[in-house]
Amino acid sequence: MTRSPRRPLFAVSLVLSAMLLAGAAHAAVSNEEILQDPKNPQQIVTNGLGVQGQRYSPLDLLNANNVKELRPVWAFSFGGEKQRGQQAQPLIKDGVMYLTGSYSRVFAVDARTGKKLWQYDARLPDDIRPCCDVINRGVALYGDLVFFGTLDAKLVALNKDTGKVVWSKKVADHKEGYSISAAPMIVNGKLITGVAGGEFGVVGKIQAYNPENGELLWMRPTVEGHMGYVYKDGKAIENGISGGEAGKTWPGDLWKTGGAAPWLGGYYDPETNLILFGTGNPAPWNSHLRPGDNLYSSSRLALNPDDGTIKWHFQSTPHDGWDFDGVNELISFNYKDGGKEVKAAATADRNGFFYVLDRTNGKFIRGFPFVDKITWATGLDKDGRPIYNDASRPGAPGSEAKGSSVFVAPAFLGAKNWMPMAYNKDTGLFYVPSNEWGMDIWNEGIAYKKGAAFLGAGFTIKPLNEDYIGVLRAIDPISGKEVWRHKNYAPLWGGVLTTKGNLVFTGTPEGFLQAFNAKTGDKVWEFQTGSGVLGSPVTWEMDGEQYVSVVSGWGGAVPLWGGEVAKRVKDFNQGGMLWTFKLPKQLQQTASAKP
């Protein structure tokens with residue numbers, strides 16, 4: 001009797017195993033998975049833990065009672081010398097974590113072990129022009145692809161299992177000042193991105209692409225007067241101007257270099273089928289050069305995802321003269337008013353006011369200050385328009401080198417900047433990472449030059465208090481009241497996560513990832529990561545256990561633009577680490593056994 005050789009059988013076994021593994025690895029991300037992301041805590045396939053960006057997890061194995069036992073299980077280093085300004089939110093699919101690092105890098109990491117599976121480094125030119133450090137805020141997933149934007153204003157599609165480039169598309173000319181730092185998003189099968197570059201006099205725009213091949217589907221400028229287009233059969237078809245005539249709210253030709261860059265990206269509301277984007281500052285900062293409202297700068301926009309048409313807008317700072325922007329996230333939520341459900345959206349603006357809008361039409365519902373000191377306006381009128389304090393607008397230069405300087409609060413880095421807040425449907429509260437600071441600001445003469453900074457202003461940021469700048473706030477969007485606050489010595493510059501387990505997570509520049517009781521604000525846990533935490537924490541379930549992950553690595557706008565505040569953070573270490581935590585297994589089992 002002749003025995004069959006063992007090697008072929010072993011080889012067949014290996015092939016079958018590889019096929020099974022490949023089948024699991026190649027599970028595509030669908031439109032339905034994206035829409036159902038908040039209801040599927042075994043994965044995170046959207047920036048914001050859901051297309052509405054609420055950053056709320058339904059998981060409660062980890063809660064305010066047992067979080068004190070939360071422990072690190074692995075850490076992953078981004079490696080190399082490019083260790084600064086890590087602001088990404090990880091995504092998780094089929095046990096693999098996808099995230100970006102500074103200098104336009106992408107990593108795929110085994111979510112169980114922290115082992116690197118692949119890495120992609122964009123080849124950036126020497127003359128990139130990022131406004132506020134070499135940061136990147138994350139990826140999008142769809143089908144078998146991973147998408148991200150680069151500092152030289154490209155969109156790149158990678159195979160999610162190998163990291164190999166499938167296609168790369170130039171969105172805008174980086175030599176004019178354009179860049180991309182936000183995570184793109186998928187809406188109804190379209191890949192959508194904004195651009196950065198408002199400090200260089202670019203023209204803001206939002207664009208949609210075919211995720212399979214990078215074909216441009218539509219383009220929507222965010223400066224009034226510029227034409228929008230849809231693309232069919234490779235031809236551009238005019239799709240109306242972006243809401244008004246050229247020069248209508250801009251003097252002369254300044255609309256041609258008007259800024260209004262939608263640099264933070266957007267979210268999607270399936271209930272109204274609207275994309276909700278914010279836009280940045282008008283250019284230049286010197287507001288005396290551009291009288292008028294300067295639409296659609298410093299605004300929130302609602303767009304039709306099919307063709308990019310603007311359905312409504314709300315301008316939080318018309319004729320912005322302080323670089324307050326309007327780019328902060330607009331978060332959809334519903335609440336009851338006299339038995340009637342209100343489809344609302346909330347945003348905490350850099351200008352210091354918290355706005356609640358009707359997201360079906362953009363109408364102002366209510367607004368109120370969410371920081372202690374606002375000097376540039378005395379309040380909001382019935383339509384949400386600011387009531388200006390004219391003495392707080394910096395003067396025109398005239399024949400002098402610079403105009404009169406004024407002290408304004410908040411500072412241009414904002415009562416809240418890019419760092420996303422979170423909404424907890426159980427408490428009905430928004431958790432807002434905010435800062436208490438002011439600035440001396442003055443205007444200067446300026447002329448546009450392609451690719452050069454287009455500010456026309458100078459400034460120095462100053463702390464308002466000796467013992468703190470950052471304040472994590474719990475805000476009731478209905479009453480306008482602050483329910484609790486937690487102060488931090490350095491500015492807060494990282495995102496927030498909240499959970500059904502009565503928890504709120506955020507990080508500090510001092511290096512701590514912290515957890516708070518969502519109802520009371522008591523700090524219930526913290527961990528020192530070794531560098532400032534600027535990333536947005538996430539939590540997910542794997543193998544019946546709840547995990548928490550966050551990126552650590554100090555950098556970003558504060559040390560670059562912070563004036564006197566920069567002195568407060570000058571000794572903070574840069575870094576690039578991905579940390580993952582969970583409870584010991586016996587505690588997870590005890591928590592899951594409770595009724």
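## A tour that starts at strand β12

Select L191 and look across to β13, where Y209 stands opposite L191. Keep in mind as you go that this is a predicted model.

**Stop 1: the strands around L191.** Now widen the selection to strand β12, residues 190-193. Are its faces covered or open? Both are covered: K190 and I192 on one side are buried, and so are L191 and T193 on the other. Add strand β13, residues 205-209, and you will find three bridges joining β13 to β12, with the two strands running antiparallel. Next, bring in strand β11, residues 185-187, which also pairs with β12 in the antiparallel sense over three bridges. To see one of these pairings, pick M185, whose bridge partner in β12 is I192. β11 and β12 form a hairpin with two residues between them. Click on N188 in that turn and check its backbone: phi is positive, about 50 degrees.

**Stop 2: a long jump to K487.** Select K487, in strand β33 (residues 482-488). Draw a C-alpha to C-alpha distance from K487 back to L191 and it should read 38 Å, for two residues 296 apart in sequence. K487 is partly exposed, since its relative accessible area of 42% falls between the 20% and 50% limits. Which residues does K487 touch, leaving aside those up to four places away in sequence? Show Y468, G470 and V471.

**Stop 3: the disulfide.** Select C131 and C132, whose sulfur atoms are 2.1 Å apart and form a disulfide. The count for the model comes to one disulfide. Colour the pair by accessibility: C131 is partly exposed at 26%, and C132 is partly exposed at 28%.

**Stop 4: the pockets.** Centre the view on P38, K39, Q52, Q54 and K425, which lie nearest the centre of the largest pocket. Its volume is about 550 Å³, and 21 residues line it. By type, that lining divides into nine nonpolar, seven polar and five charged residues.

For the second largest pocket, with about 260 Å³ of space, select its lining residues, among them D293, N361, K363, D383 and R385. Which strand gives the most to this lining? Strand β20, residues 310-315, does, with three residues. Here the division is three nonpolar, five polar and four charged.

**Stop 5: backbone details.** Go to the loop between β18 (274-278) and β19 (299-303), where P284 is placed. The peptide bond from A283 to P284 is cis, with omega near -5 degrees. Stay in the loop between β18 and β19 and move along to Y296. The bond from L295 to Y296 is cis too, with omega near -5 degrees.

Finally, pick two residues for their phi values. D94 is in the loop between β3 (91-93) and β4 (96-101). Although D94 is not a glycine, its phi is positive, about 50 degrees, and the residue is partly exposed at 40% relative accessibility. N273, in the loop between β17 (266-269) and β18, is likewise not a glycine and has a positive phi of about 55 degrees. With a relative accessible area of 28%, N273 is partly exposed.

Conventions
Residues numbered from 1 in each chain as written. Predicted model: local features only at pLDDT ≥ 70, side-chain atom pairs only at ≥ 80, totals over all residues. Heavy atoms only, no water. Helix = DSSP H or I, 4+ residues; strand = E, 2+ residues; numbered from the N terminus. Buried < 20%, exposed > 50% of the residue type's maximum accessible area, 1.4 Å probe, protein only. Contact = heavy atoms within 4.5 Å. 1 Å grid on protein atoms, 1.4 Å probe; cavity = no way out; pocket = protein on both sides within 12 Å on 5 of 7 lines; lining within 4 Å. Points joined across faces, edges and corners; volume = space filled by probe spheres on them. Nonpolar A, V, L, I, M, F, W, Y, C, P; charged D, E, K, R; others polar. Disulfide = S-S within 2.5 Å. Pairing = 2+ DSSP bridges.
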